[in-house]
Amino acid sequence: MNTIIAALKTVRLSEDASAVIILDQTRLPGEEVYVSLASAAEVWNAIYKLKVRGAPAIGIAAAYGIYVCSRQIQAAAFDDFYREFLKIKDYLASSRPTAVNLVAALNRMEKVVTGHPDLPVAELLRLLHAESEAIRAEDAAACRKIGENCLSLLKPGMGILTHCNAGHLAVSEYGTALAPVYLGEERGYGFKVFADETRPLLQGARLTAYELHKAGVDVTLICDNMASIVMKKGWVQAVVVGCDRIAANGDVANKIGTSGVAILARHYGIPFYVLGPTSTIDLACPDGDSIVIEERSPDEITDMWYTSRMAPEGVKAYNPAFDVTSHDLITAIITEKGIAYPPFNDMCK
Ligand code: MRU
(Lines give C-alpha, C1' and ligand atoms only; values in the text may rest on other atoms or scores of the structure.)
Protein backbone atom coordinates (compact mmCIF):
# COMPACT_ATOMS: atom_id res chain seq x y z
CA MET A 1 0.00 0.00 0.00
CA ASN A 2 1.20 3.51 -0.80
CA THR A 3 2.83 4.63 2.46
CA ILE A 4 1.47 8.18 2.31
CA ILE A 5 -2.08 6.89 2.00
CA ALA A 6 -1.57 4.06 4.49
CA ALA A 7 -0.60 6.72 7.05
CA LEU A 8 -4.18 8.03 6.88
CA LYS A 9 -6.10 5.93 9.38
CA THR A 10 -9.76 6.02 8.39
CA VAL A 11 -11.03 4.28 11.52
CA ARG A 12 -9.29 2.54 14.42
CA LEU A 13 -9.55 1.81 18.11
CA SER A 14 -7.65 3.98 20.59
CA GLU A 15 -4.66 2.37 22.36
CA ASP A 16 -6.62 1.93 25.60
CA ALA A 17 -9.77 0.82 23.71
CA SER A 18 -11.80 3.60 25.31
CA ALA A 19 -12.71 5.33 22.03
CA VAL A 20 -13.06 4.98 18.27
CA ILE A 21 -10.65 7.27 16.43
CA ILE A 22 -11.71 8.45 13.00
CA LEU A 23 -10.25 10.77 10.41
CA ASP A 24 -12.96 13.44 10.13
CA GLN A 25 -13.80 13.29 6.43
CA THR A 26 -15.97 16.41 6.54
CA ARG A 27 -12.75 18.41 7.11
CA LEU A 28 -10.98 17.00 4.04
CA PRO A 29 -9.31 18.04 1.82
CA GLY A 30 -8.38 21.12 3.89
CA GLU A 31 -7.39 19.51 7.17
CA GLU A 32 -6.45 16.05 8.40
CA VAL A 33 -8.13 16.00 11.80
CA TYR A 34 -8.68 12.91 13.93
CA VAL A 35 -11.60 12.83 16.35
CA SER A 36 -12.21 10.54 19.26
CA LEU A 37 -15.67 8.98 19.74
CA ALA A 38 -16.31 7.63 23.22
CA SER A 39 -20.11 7.40 23.45
CA ALA A 40 -22.91 5.89 21.37
CA ALA A 41 -24.20 9.37 20.54
CA GLU A 42 -20.78 10.44 19.25
CA VAL A 43 -20.45 7.33 17.07
CA TRP A 44 -24.03 7.74 15.77
CA ASN A 45 -23.40 11.39 14.90
CA ALA A 46 -20.09 10.72 13.19
CA ILE A 47 -21.73 8.12 10.95
CA TYR A 48 -24.85 10.19 10.27
CA LYS A 49 -22.81 13.32 9.47
CA LEU A 50 -20.43 11.35 7.21
CA LYS A 51 -17.37 12.13 9.33
CA VAL A 52 -16.76 8.46 8.75
CA ARG A 53 -18.44 7.14 5.62
CA GLY A 54 -18.29 4.47 2.95
CA ALA A 55 -20.05 1.14 3.49
CA PRO A 56 -17.17 -0.92 4.94
CA ALA A 57 -15.82 1.95 7.07
CA ILE A 58 -19.17 2.55 8.78
CA GLY A 59 -19.42 -1.18 9.51
CA ILE A 60 -15.99 -1.11 11.16
CA ALA A 61 -16.82 2.11 13.06
CA ALA A 62 -20.05 0.54 14.35
CA ALA A 63 -18.23 -2.64 15.44
CA TYR A 64 -15.58 -0.67 17.32
CA GLY A 65 -18.31 1.66 18.58
CA ILE A 66 -20.44 -1.05 20.13
CA TYR A 67 -17.37 -2.58 21.73
CA VAL A 68 -16.34 0.76 23.26
CA CYS A 69 -19.89 1.36 24.53
CA SER A 70 -20.24 -2.20 25.85
CA ARG A 71 -17.27 -1.56 28.11
CA GLN A 72 -19.33 1.17 29.76
CA ILE A 73 -22.33 -1.05 30.52
CA GLN A 74 -22.78 -1.41 34.29
CA ALA A 75 -23.99 -4.99 34.51
CA ALA A 76 -22.63 -8.16 36.03
CA ALA A 77 -25.38 -10.56 34.86
CA PHE A 78 -25.68 -11.68 31.22
CA ASP A 79 -29.35 -10.65 30.79
CA ASP A 80 -28.74 -7.12 32.04
CA PHE A 81 -25.65 -6.79 29.86
CA TYR A 82 -27.46 -8.11 26.75
CA ARG A 83 -30.45 -5.79 27.26
CA GLU A 84 -28.18 -2.73 27.32
CA PHE A 85 -26.11 -4.10 24.42
CA LEU A 86 -29.26 -4.38 22.27
CA LYS A 87 -30.26 -0.78 23.00
CA ILE A 88 -26.85 0.43 21.76
CA LYS A 89 -27.01 -1.86 18.75
CA ASP A 90 -30.45 -0.64 17.62
CA TYR A 91 -29.40 2.96 18.12
CA LEU A 92 -26.19 2.64 16.07
CA ALA A 93 -28.02 0.67 13.36
CA SER A 94 -30.42 3.60 12.91
CA SER A 95 -27.65 6.03 11.90
CA ARG A 96 -27.77 5.24 8.16
CA PRO A 97 -30.10 2.81 6.37
CA THR A 98 -28.66 1.88 2.96
CA ALA A 99 -25.24 0.25 3.45
CA VAL A 100 -25.79 -3.31 4.65
CA ASN A 101 -22.29 -3.44 6.17
CA LEU A 102 -23.41 -1.33 9.13
CA VAL A 103 -26.10 -3.71 10.34
CA ALA A 104 -24.12 -6.78 9.25
CA ALA A 105 -21.20 -5.76 11.47
CA LEU A 106 -23.53 -5.09 14.40
CA ASN A 107 -25.22 -8.47 13.87
CA ARG A 108 -21.83 -10.16 13.97
CA MET A 109 -21.06 -8.44 17.25
CA GLU A 110 -24.44 -9.49 18.66
CA LYS A 111 -23.79 -13.12 17.72
CA VAL A 112 -20.67 -13.05 19.88
CA VAL A 113 -22.83 -12.11 22.85
CA THR A 114 -25.75 -14.49 22.18
CA GLY A 115 -23.34 -17.33 21.43
CA HIS A 116 -21.84 -17.16 24.95
CA PRO A 117 -24.64 -16.65 27.50
CA ASP A 118 -22.64 -18.48 30.16
CA LEU A 119 -19.52 -16.34 30.02
CA PRO A 120 -18.81 -13.54 32.51
CA VAL A 121 -19.09 -10.00 31.13
CA ALA A 122 -15.31 -9.47 31.24
CA GLU A 123 -14.85 -12.47 28.96
CA LEU A 124 -17.62 -11.29 26.61
CA LEU A 125 -15.83 -7.96 26.29
CA ARG A 126 -12.61 -9.73 25.36
CA LEU A 127 -14.46 -11.61 22.59
CA LEU A 128 -16.17 -8.43 21.37
CA HIS A 129 -12.80 -6.74 21.11
CA ALA A 130 -11.42 -9.65 19.06
CA GLU A 131 -14.48 -9.66 16.78
CA SER A 132 -14.25 -5.93 16.06
CA GLU A 133 -10.57 -6.31 15.14
CA ALA A 134 -11.44 -9.34 12.97
CA ILE A 135 -14.04 -7.28 11.07
CA ARG A 136 -11.39 -4.67 10.33
CA ALA A 137 -8.71 -7.19 9.35
CA GLU A 138 -11.09 -9.15 7.09
CA ASP A 139 -12.02 -5.94 5.32
CA ALA A 140 -8.38 -5.07 4.65
CA ALA A 141 -7.68 -8.55 3.27
CA ALA A 142 -10.86 -8.47 1.14
CA CYS A 143 -9.96 -5.09 -0.36
CA ARG A 144 -6.56 -6.31 -1.46
CA LYS A 145 -8.10 -9.37 -3.15
CA ILE A 146 -10.81 -7.25 -4.80
CA GLY A 147 -8.02 -5.11 -6.23
CA GLU A 148 -6.13 -8.14 -7.59
CA ASN A 149 -9.29 -9.61 -9.13
CA CYS A 150 -10.23 -6.38 -10.86
CA LEU A 151 -6.70 -5.67 -12.05
CA SER A 152 -6.87 -8.88 -14.09
CA LEU A 153 -9.54 -7.14 -16.23
CA LEU A 154 -7.61 -3.90 -16.76
CA LYS A 155 -4.71 -2.98 -19.03
CA PRO A 156 -1.85 -0.52 -18.51
CA GLY A 157 -2.58 3.02 -19.62
CA MET A 158 -6.35 2.68 -19.41
CA GLY A 159 -8.61 5.63 -18.58
CA ILE A 160 -10.78 4.73 -15.60
CA LEU A 161 -13.80 6.67 -14.39
CA THR A 162 -15.08 6.41 -10.83
CA HIS A 163 -17.98 7.93 -8.90
CA CYS A 164 -18.09 8.97 -5.22
CA ASN A 165 -15.29 7.60 -3.03
CA ALA A 166 -14.72 3.88 -2.71
CA GLY A 167 -11.08 4.32 -1.82
CA HIS A 168 -8.84 4.02 1.22
CA LEU A 169 -11.01 6.54 3.06
CA ALA A 170 -14.13 4.38 2.66
CA VAL A 171 -12.64 1.19 4.11
CA SER A 172 -9.87 -0.03 6.42
CA GLU A 173 -7.21 0.30 3.70
CA TYR A 174 -6.78 0.24 -0.14
CA GLY A 175 -10.46 0.73 -0.97
CA THR A 176 -12.73 -1.33 -3.15
CA ALA A 177 -13.14 0.51 -6.47
CA LEU A 178 -9.77 2.22 -5.99
CA ALA A 179 -7.91 -0.92 -4.91
CA PRO A 180 -7.03 -1.92 -8.52
CA VAL A 181 -5.89 1.66 -9.15
CA TYR A 182 -3.49 1.54 -6.17
CA LEU A 183 -2.24 -1.92 -7.09
CA GLY A 184 -1.83 -0.85 -10.72
CA GLU A 185 0.10 2.21 -9.60
CA GLU A 186 2.47 -0.01 -7.58
CA ARG A 187 3.06 -2.06 -10.75
CA GLY A 188 3.54 0.82 -13.15
CA TYR A 189 0.21 0.55 -15.00
CA GLY A 190 -0.08 4.32 -15.40
CA PHE A 191 -3.85 4.52 -15.20
CA LYS A 192 -5.54 7.85 -15.89
CA VAL A 193 -8.41 8.25 -13.46
CA PHE A 194 -11.42 10.53 -13.94
CA ALA A 195 -13.13 11.31 -10.63
CA ASP A 196 -16.75 12.49 -10.75
CA GLU A 197 -17.11 15.28 -8.18
CA THR A 198 -20.27 13.57 -6.82
CA ARG A 199 -22.86 16.16 -5.87
CA PRO A 200 -24.20 17.06 -3.41
CA LEU A 201 -21.53 16.18 -0.82
CA LEU A 202 -18.59 16.07 -3.22
CA GLN A 203 -17.02 12.81 -2.09
CA GLY A 204 -15.31 12.62 -5.50
CA ALA A 205 -13.80 16.10 -5.31
CA ARG A 206 -13.03 16.19 -1.60
CA LEU A 207 -11.99 12.57 -1.04
CA THR A 208 -11.23 10.60 -4.23
CA ALA A 209 -9.30 13.43 -5.89
CA TYR A 210 -7.58 14.06 -2.55
CA GLU A 211 -6.37 10.54 -1.87
CA LEU A 212 -5.39 9.73 -5.47
CA HIS A 213 -3.58 13.03 -5.95
CA LYS A 214 -1.77 12.56 -2.64
CA ALA A 215 -0.72 9.08 -3.78
CA GLY A 216 0.69 10.45 -7.03
CA VAL A 217 -1.96 8.83 -9.25
CA ASP A 218 -2.87 10.67 -12.47
CA VAL A 219 -6.36 11.91 -11.51
CA THR A 220 -8.57 14.44 -13.27
CA LEU A 221 -11.58 15.85 -11.47
CA ILE A 222 -14.76 16.35 -13.50
CA CYS A 223 -18.25 17.58 -12.64
CA ASP A 224 -20.85 14.82 -12.68
CA ASN A 225 -22.39 16.18 -15.87
CA MET A 226 -19.06 15.85 -17.74
CA ALA A 227 -18.88 12.05 -17.67
CA SER A 228 -20.54 11.80 -21.06
CA ILE A 229 -18.06 14.04 -22.83
CA VAL A 230 -14.99 12.27 -21.47
CA MET A 231 -16.50 8.93 -22.49
CA LYS A 232 -17.39 10.24 -25.96
CA LYS A 233 -13.83 11.46 -26.43
CA GLY A 234 -12.61 7.91 -25.85
CA TRP A 235 -10.76 8.75 -22.66
CA VAL A 236 -12.46 6.08 -20.52
CA GLN A 237 -11.98 2.33 -21.01
CA ALA A 238 -13.55 1.14 -17.75
CA VAL A 239 -15.81 2.41 -14.96
CA VAL A 240 -15.19 1.19 -11.40
CA VAL A 241 -17.58 1.95 -8.54
CA GLY A 242 -18.17 0.68 -5.01
CA CYS A 243 -21.47 -0.47 -3.54
CA ASP A 244 -23.57 -0.10 -0.43
CA ARG A 245 -25.85 -3.08 -0.88
CA ILE A 246 -26.02 -5.75 -3.57
CA ALA A 247 -29.43 -7.42 -3.86
CA ALA A 248 -29.83 -11.12 -4.65
CA ASN A 249 -30.56 -10.41 -8.34
CA GLY A 250 -27.41 -8.28 -8.74
CA ASP A 251 -29.07 -4.86 -8.51
CA VAL A 252 -26.67 -2.50 -6.73
CA ALA A 253 -27.27 0.50 -4.47
CA ASN A 254 -24.44 3.00 -4.51
CA LYS A 255 -23.97 6.75 -4.26
CA ILE A 256 -26.61 8.83 -6.04
CA GLY A 257 -25.60 9.28 -9.67
CA THR A 258 -24.08 5.82 -10.08
CA SER A 259 -26.98 4.51 -12.18
CA GLY A 260 -26.63 7.46 -14.56
CA VAL A 261 -22.95 6.64 -15.05
CA ALA A 262 -23.90 3.00 -15.77
CA ILE A 263 -26.42 4.12 -18.41
CA LEU A 264 -23.76 6.32 -20.05
CA ALA A 265 -21.22 3.48 -19.97
CA ARG A 266 -23.71 1.17 -21.71
CA HIS A 267 -24.33 3.85 -24.36
CA TYR A 268 -20.63 4.20 -25.09
CA GLY A 269 -19.87 0.46 -24.82
CA ILE A 270 -17.59 0.85 -21.79
CA PRO A 271 -17.43 -1.95 -19.18
CA PHE A 272 -19.07 -1.03 -15.88
CA TYR A 273 -17.56 -2.84 -12.88
CA VAL A 274 -18.98 -2.89 -9.34
CA LEU A 275 -16.43 -3.72 -6.65
CA GLY A 276 -17.20 -4.66 -3.06
CA PRO A 277 -16.67 -7.26 -0.36
CA THR A 278 -19.12 -10.17 -0.12
CA SER A 279 -20.27 -8.60 3.15
CA THR A 280 -22.08 -6.06 0.96
CA ILE A 281 -24.24 -8.77 -0.63
CA ASP A 282 -27.68 -8.99 0.97
CA LEU A 283 -29.38 -12.18 -0.16
CA ALA A 284 -32.39 -11.32 2.01
CA CYS A 285 -33.00 -8.43 -0.34
CA PRO A 286 -34.47 -9.82 -3.59
CA ASP A 287 -33.93 -6.76 -5.81
CA GLY A 288 -33.10 -3.07 -5.87
CA ASP A 289 -36.69 -2.00 -5.16
CA SER A 290 -36.39 -3.58 -1.70
CA ILE A 291 -33.34 -1.49 -0.74
CA VAL A 292 -34.09 1.43 1.58
CA ILE A 293 -32.64 4.57 0.04
CA GLU A 294 -31.48 7.13 2.55
CA GLU A 295 -32.97 10.58 2.06
CA ARG A 296 -30.99 13.44 3.50
CA SER A 297 -31.72 17.07 4.29
CA PRO A 298 -32.49 19.34 1.31
CA ASP A 299 -30.02 21.79 2.89
CA GLU A 300 -27.21 19.65 1.50
CA ILE A 301 -28.34 20.76 -1.97
CA THR A 302 -29.33 24.33 -1.26
CA ASP A 303 -26.74 25.55 1.26
CA MET A 304 -24.11 23.29 2.52
CA TRP A 305 -20.89 23.89 0.69
CA TYR A 306 -21.03 27.62 0.04
CA THR A 307 -21.02 30.61 2.34
CA SER A 308 -23.95 32.12 0.51
CA ARG A 309 -27.07 30.23 -0.44
CA MET A 310 -27.08 28.62 -3.89
CA ALA A 311 -30.85 28.33 -4.32
CA PRO A 312 -33.86 30.53 -3.55
CA GLU A 313 -35.14 30.44 0.04
CA GLY A 314 -38.04 28.04 0.43
CA VAL A 315 -37.52 26.15 -2.83
CA LYS A 316 -38.31 22.45 -2.65
CA ALA A 317 -35.35 20.10 -3.10
CA TYR A 318 -35.17 16.31 -3.31
CA ASN A 319 -32.01 14.69 -1.94
CA PRO A 320 -31.75 10.89 -2.16
CA ALA A 321 -28.25 9.83 -1.10
CA PHE A 322 -28.10 6.62 -3.17
CA ASP A 323 -29.62 5.08 -6.28
CA VAL A 324 -29.94 1.59 -7.66
CA THR A 325 -28.12 0.42 -10.76
CA SER A 326 -30.04 -2.33 -12.47
CA HIS A 327 -28.12 -5.61 -12.77
CA ASP A 328 -28.51 -5.58 -16.57
CA LEU A 329 -26.23 -2.52 -16.79
CA ILE A 330 -23.42 -4.17 -14.83
CA THR A 331 -20.61 -5.92 -16.71
CA ALA A 332 -19.26 -7.71 -13.62
CA ILE A 333 -19.44 -7.65 -9.84
CA ILE A 334 -15.99 -8.13 -8.34
CA THR A 335 -15.58 -9.37 -4.78
CA GLU A 336 -12.71 -10.87 -2.80
CA LYS A 337 -13.95 -14.27 -3.96
CA GLY A 338 -13.72 -13.60 -7.67
CA ILE A 339 -15.50 -12.06 -10.64
CA ALA A 340 -19.22 -12.65 -11.12
CA TYR A 341 -20.79 -12.08 -14.53
CA PRO A 342 -24.51 -11.81 -15.29
CA PRO A 343 -26.91 -13.32 -14.33
CA PHE A 344 -25.13 -13.04 -10.93
CA ASN A 345 -26.53 -16.26 -9.50
CA ASP A 346 -23.26 -17.52 -8.09
CA MET A 347 -21.90 -14.45 -6.32
CA CYS A 348 -21.71 -16.07 -2.89
CA LYS A 349 -20.30 -19.43 -3.90
O1 MRU B 1 -22.65 8.56 1.48
P2 MRU B 1 -21.33 7.85 1.43
O3 MRU B 1 -20.18 8.76 1.20
O4 MRU B 1 -21.14 6.94 2.61
O5 MRU B 1 -21.45 6.91 0.15
C6 MRU B 1 -20.39 6.04 -0.14
C7 MRU B 1 -20.59 5.25 -1.38
O8 MRU B 1 -21.60 5.32 -2.03
C9 MRU B 1 -19.50 4.28 -1.71
O10 MRU B 1 -19.37 4.13 -3.09
C11 MRU B 1 -19.83 2.91 -1.10
O12 MRU B 1 -20.16 3.04 0.27
C13 MRU B 1 -18.72 1.94 -1.24
S14 MRU B 1 -17.33 2.37 -0.23
C15 MRU B 1 -16.15 1.18 -0.48
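# Close-up views of a predicted model

**View 1. The S8–S9 hairpin.** Strand S8 (residues 245–247) teams up with strand S9 (residues 252–255) in the antiparallel sense, over 2 bridges. What are the bridge partners here? Arg245 is matched with Ala253 in S9, and Ile246 is matched with Val252 in S9. The two strands make a hairpin with 4 residues between them. Look in the turn for Gly250, which has a positive phi of about 95°. Keep in mind throughout that this is a predicted model; the chain averages a pLDDT of 95, and 98% of the residues score at least 70. The scores for the model are ipTM 0.99 and pTM 0.96.

**View 2. The open sheet around the hairpin.** Zoom out a little from S8 and S9 and you get an open sheet of 4 strands, in the order S11-S8-S9-S12, with mixed pairing. Which strands sit at the edges? Those are strand S11 (281–282) and strand S12 (322–325), each of which pairs on one side only. S9 and S12 are joined by 4 bridges and pair in the antiparallel sense. To find your way along that pair, start at Lys255, which stands opposite Phe322 in S12. As a general reminder for looking at side chains, those of a regular strand alternate between the two faces of the sheet.

**View 3. The S1-S2-S3 sheet.** Here is another open sheet, this one with 3 strands in the order S1-S2-S3 and antiparallel pairing. Strand S1 (11–13) and strand S3 (34–37) are the edge strands, each pairing on one side only. From one strand to the next, the twist averages 25°. S1 and strand S2 (residues 20–23) run antiparallel and are joined by 3 bridges. Leu13 is a handy landmark, since you'll find Val20 of S2 opposite it.

**View 4. A cis proline between S2 and S3.** Follow the chain out of S2 and look for Pro29, in the loop between S2 and S3. What is the geometry of the peptide bond from Leu28 to Pro29, cis or trans? This bond is cis, with omega near 10°.

**View 5. Helices H3 and H4.** Two packed helices are described by the angle between their axes and the distance between the axes. For helix H3 (residues 55–70) and helix H4 (residues 78–93), the angle is about 150° and the axes are 10 Å apart. H3 and H4 are therefore roughly antiparallel to each other. The crossing of H3 past H4 is right-handed. Who makes the contact? H3 supplies Ala62, Gly65, Ile66, Cys69 and Ser70, while H4 supplies Phe85, Ile88, Lys89 and Leu92. Sorted by class, the contact has 6 nonpolar, 2 polar and 1 charged residues.

**View 6. Helices H4 and H5.** Now turn to H4 and helix H5 (residues 100–114), whose axes come within 10 Å and cross at roughly 175°. That angle makes H4 roughly antiparallel to H5. On the H4 side, Tyr82, Phe85, Lys89, Leu92 and Ala93 meet Leu102, Val103, Leu106, Glu110 and Val113 of H5. How many polar residues does this contact have? By class there are no polar residues, with 8 nonpolar and 2 charged ones.

**View 7. Helices H6 and H7.** Helix H6 (residues 121–151) packs against helix H7 (residues 179–186) at an angle of about 75°, their axes 8 Å apart. So H6 is roughly perpendicular to H7. Cys143, Arg144, Ile146, Gly147, Glu148, Cys150 and Leu151 make the contact from H6, and Ala179, Pro180, Tyr182, Leu183 and Gly184 make it from H7. The class count for this contact is 8 nonpolar, 2 polar and 2 charged residues.

**View 8. Two loop details.** In the loop between helix H2 (40–48) and H3 you'll find Leu50. Its phi is near 65°, a positive value in a residue other than glycine. The other detail is Pro200, in the loop between strand S5 (192–196) and helix H8 (203–214). The peptide bond from Arg199 to Pro200 is cis, and omega is near 5°.

Note on methods: Residues numbered from 1 in each chain as written. Predicted model: local features only at pLDDT ≥ 70, side-chain atom pairs only at ≥ 80, totals over all residues. Pairing = 2+ DSSP bridges. Axes fitted to C-alpha atoms, helices over the stretch in contact; angles between N-to-C directions. pLDDT = per-residue confidence, 0-100. Parallel < 35°, antiparallel > 145°, perpendicular 65-115°, else oblique. Left-handed = near helix turned anticlockwise from the far one by under 90°. Contact = placed C-beta atoms within 7 Å. Nonpolar A, V, L, I, M, F, W, Y, C, P; charged D, E, K, R; others polar.
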